[in-house]
Amino acid sequence: MGQHWLQPNWEPGLSLPQLPIQHLLDQGIEALMLDVDRTLVPGREILLPEPATIWIQQAQQHLRLHLFSNNPSRQRIGAVAEKLGLSYTCGAAKPRRGALREVLNQLQLKPKEIAMIGDRVLTDVLAGNRLGLYTVLVRPIRADGSPCHNDRVQQLEKRFAAWLGASQP
Ligand SMILES: [Mg+2]
């Protein structure tokens with residue numbers, strides 16, 4: 001049986017800075033598409049949590065990174081990208097495939113060599129699965145880099161996904 005479209009390949013119940021980079025390398029991952037809002041940066045903040053900055057610096061030693069955000073604000077996403085020295089897409093319209101295809105074409109990698117990491121099932125996971133990427137669902141990040149454990153939106157989307165037949169974590 002194939003993988004359900006709303007089922008992430010990996011859901012470790014961790015925030016981004018807690019993800020073991022080695023696990024991604026072990027899967028043969030070469031590049032990361034990273035969601036920004038609530039994955040790298042909490043809520044409305046612009047400041048990056050220190051653990052997120054450190055994680056990005058470590059990941060950059062092994063992987064190609066690109067920020068891929070539905071947020072239409074070039075000012076906000078651009079500021080985060082500039083701080084980290086990363087390329088970015090804003091107004092990405094996940095789960096639609098257009099903008100993601102463009103980035104993937106430039107990478108010249110197989111879909112399974114690219115991980116899509118984000119906090120939303122209906123945008124990040126769905127977009128990545130539609131193009132055959134390795135999808136990672138992370139917990140939303142808090143200001144200290146730790147995971148937010150009672151996130152209503154993610155809980156609701158997971159229940160919805162389970163109702164549609166994605167297996168319960
Ligand atoms: Mg997000």
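# Reading a sheet, its helices and its core

Visitor: Where should I begin with this model, and in what order do the strands of the sheet stand?

Guide: This is a predicted model, and its sheet is a good place to begin. An open sheet is formed by 5 strands, which stand in the order β3-β2-β1-β4-β5 and pair in the parallel sense. At the edges are β3 and β5 (134–137), each with a single partner strand, so one side of each is left without a neighbour in the sheet. Direction ignored, neighbouring strands of this sheet are turned by 25° against each other on average.

Visitor: How many bridges join β1 to β4, and which residues stand opposite each other in β1 and β2?

Guide: Pairing is read bridge by bridge. Strand β1 (residues 31–34) pairs with β2 in the parallel sense over 4 bridges; Ala31 stands opposite Arg64 in β2, and Met33 stands opposite His66 in β2. Between these two strands the chain passes through α2, and this β-α-β crossover from β1 to β2 is right-handed. Toward β4, β1 is joined by 4 bridges, again with the strands running parallel, and Leu32 has Ala115 as its bridge partner in β4.

Visitor: Is His66 buried or exposed, or something in between?

Guide: Burial is judged by counting neighbours, and a residue needs 20 or more C-beta atoms within 10 Å to be called buried. His66, found in strand β2, has 19 C-beta neighbours inside 10 Å and therefore counts as partly exposed. Leaving aside neighbours within four places in sequence, His66 is in contact with Met33, Leu34, Leu86, Ser87, Tyr88 and Val103. His66 and Ala81 are 15 residues apart in sequence, while their C-alpha atoms are 8.6 Å apart in space.

Visitor: How do I read the two sides of a helix, and which residues of α3 are buried?

Guide: One can ask where the buried residues point around the helix axis. In helix α3 (residues 74–84) the buried residues are Ile77, Val80 and Ala81; they cover an arc of only 95° around the axis, which puts them on the same side of α3. The face turned away from that buried side carries the exposed residues Arg74, Gln75 and Glu82. The buried residues of α3 pack against β2 (64–68) and β3 (87–89), and the helix lies across these two strands, running at about 160° to β3. Gly85, which follows α3, has a positive phi, near 70°.

Visitor: What does α2 pack against with its buried residues?

Guide: The same reading applies to α2, where the buried residues are Ala52, Trp55, Ile56 and Ala59. They cover an arc of only 100° around the axis, which puts them on the same side of α2, whereas the face turned away from this side carries the exposed residues Glu50, Gln57 and Gln58. The buried residues of α2 pack against α1 (21–26), β1, β2 and α3.

Visitor: How many residues are in the largest nonpolar core, and which have the most contacts inside it?

Guide: In soluble globular proteins, nonpolar side chains tend to be buried together. Here the largest nonpolar core has 41 residues, and those with the most contacts inside it are Leu34, Leu40, Leu67, Val80, Ala115 and Ile117. Among the elements that give two or more residues to this core are β1, α2, β2, α3 and β4. Not counting residues up to four places away in sequence, Leu67 touches Leu34, Val36, Ile77, Val80, Ala81, Leu86 and Tyr88.

Notes:
Residues numbered from 1 in each chain as written. Predicted model: local features only at pLDDT ≥ 70, side-chain atom pairs only at ≥ 80, totals over all residues. Buried ≥ 20, exposed ≤ 12 C-beta atoms within 10 Å, placed from the backbone. Arc of directions from axis to C-beta. Contact = placed C-beta atoms within 7 Å. Pairing = 2+ DSSP bridges. Axes fitted to C-alpha atoms, helices over the stretch in contact; angles between N-to-C directions. Core = buried A, V, L, I, M, F, W, Y, C linked by C-beta atoms within 7 Å. Right-handed = clockwise from strand over helix to strand, strands pointing away.
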